Amino acid sequence: MLRRGPDRLTRAFVADVAEAAAPTGPATDTLTGTLVGPDDVADLPEPVRRYLAFMRVVGAPRVWSFRVAFTGRFRLRPGMPWLRAEAWQYNSGIETTRVFTLRLRAARVVTMLGHDTYVRGRGRMVGRLLGVVKVADGSGEEFDIGELTTWLDDAIMLAPSMLLDDRSTWIGTGPDDFEIRRRDHDREVCAVVRIDERGAPVEFSTTDRYAALPGGLVQARWFTPALRWDESGPVPFPLPAAAVCAGPNQAGGEICAEASQMAPGISPIGGACAVRREATQKKEAAAVQRRQNDHLRFLRKAWQVCTERSRVSHAV
């Protein structure tokens, strides 16, 4: 039997992770990987402590990295059609790193691969039509700031213990909101997080992002509303997740997605191998299902032929 390998999205993600060359694990002389204790959060503002309690951070191991898969939809502007979206993502907090590989499908035929990365203080966004023809390639200070801000958003929504170090500053701004600042490579970004009475994040909002408009990049408000939280697992999870860039005249893009799986504390090598393995297993399972369906169709057809012949024989 011919074994079919991972699809183009998976291969692109594995290549992106390999190129990022992120640390493969926490250093032994850091707190990363240890349990978060009450003393680690005792001096933080009350809204922050309530948020961390909702996210079940205290008593849990510090998350130093995670891999997550998304499915959902994306559109460049309000009023434009939604495109089917699938993505793999890998984040590390040891050396702040983000790898996000996205596939968009239009009319089930035309695809585009997007590569968003933040590696060693540099952000970059590349888009390739059919995974080959480069149609976008952005880098520079605006992308450095924007990709670091997106990493911060990921940490707030998915892995807040990645922020419990001296590179983060927490500031209480009200009874149900706080400001979070994150420093990396002589750069600092800032966002405001609103929470409800439980401490669940309601919205992450920032102006440290840029909208790509016909006239160029424009600094704009960017926010991720948390529509609801699934609390059935070991840690709460936002379902679905959304991100909206509200540029001038609401001209920014929008993505709405649901995470299908998340694996915390995984090395980039282990993450890439797992992605390859999962993709191959998925394809093999689909091939088995197709063979079973073909066999069932053959049996139905054979039964119909036998029944028809029996009917003709009785008529004669």
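1. A salt bridge is counted here when a side-chain nitrogen of Lys or Arg lies within 4 Å of a carboxyl oxygen of Asp or Glu, and a search of the whole structure finds 23 of them. The model is a predicted one, in which local features need pLDDT of at least 70 and side-chain atom pairs count only at pLDDT 80 or more, while totals for chains, interfaces and linings use all residues. Residues are numbered from 1 along each chain as its sequence is written, and side-chain values use heavy atoms, with hydrogens and water left out.

2. One of these salt bridges joins R105 to E86, with 3.5 Å between the closest N and O atoms. Because R105 belongs to strand β3 (residues 97–106) and E86 to strand β2 (residues 83–92), the pair ties together parts that are 19 residues apart in sequence; strands (E, at least two residues) and helices (H or I, at least four) are DSSP runs, numbered from the N terminus. R105 is partly exposed at 24% relative accessibility, whereas E86 is buried at 13%, where buried means under 20% relative accessible area, exposed over 50%, and partly exposed in between (1.4 Å probe, protein chains only). Both residues also belong to a network of salt bridges that links D7, R84, E86, R103 and R105.

3. Two further salt bridges involve neighbouring arginines, R182 and R181. R182 pairs with D165, the closest N and O atoms being 2.9 Å apart, and this links strand β8 with the loop between α3 and β7 (168–174), parts that lie 17 residues apart. R182 is buried, with a relative accessible area of 0%, while D165 is partly exposed at 25%. R181 pairs with E179 at 2.7 Å between the closest N and O atoms; here R181 is partly exposed at 27% and E179 is buried at 15%.

4. Strand β8 (residues 177–184) pairs with strand β9 (residues 187–195) in the antiparallel sense over eight bridges, two strands being taken as paired if DSSP finds at least two bridges between them. I180 has A191 in β9 as its bridge partner, and in the hairpin of these strands, with two residues between them, H185 takes a positive phi near 50°. Strand β9 is in turn joined by four bridges to strand β10 (residues 201–213), again running antiparallel, and I195 stands opposite P201. That second hairpin has five residues between its strands, and G199 in the turn has a positive phi of about 105°.

5. The largest nonpolar core holds 52 residues, of which I156, W170 and F178 touch the most other members; such a core is a set of buried Ala, Val, Leu, Ile, Met, Phe, Trp, Tyr and Cys residues joined through side-chain atoms within 4.5 Å. Helix α3 (residues 141–158) gives this core its largest share, eight residues. Leaving out residues up to four places away in sequence, F178 touches a set that includes P47, Y51, I156, W170, A191 and I195, contact meaning heavy atoms within 4.5 Å. Apart from this core lies another, of 14 residues, among them W64, A69, W88 and Y90.

6. M262 lies in strand β15 (residues 254–264) and counts as partly exposed at 27% relative accessibility. Its C-alpha atom is separated by 9.1 Å from that of L158, although the two residues are 104 apart along the chain. Beyond its neighbours within four places in sequence, M262 is in contact with F66, R67, V68, L158 and F237.
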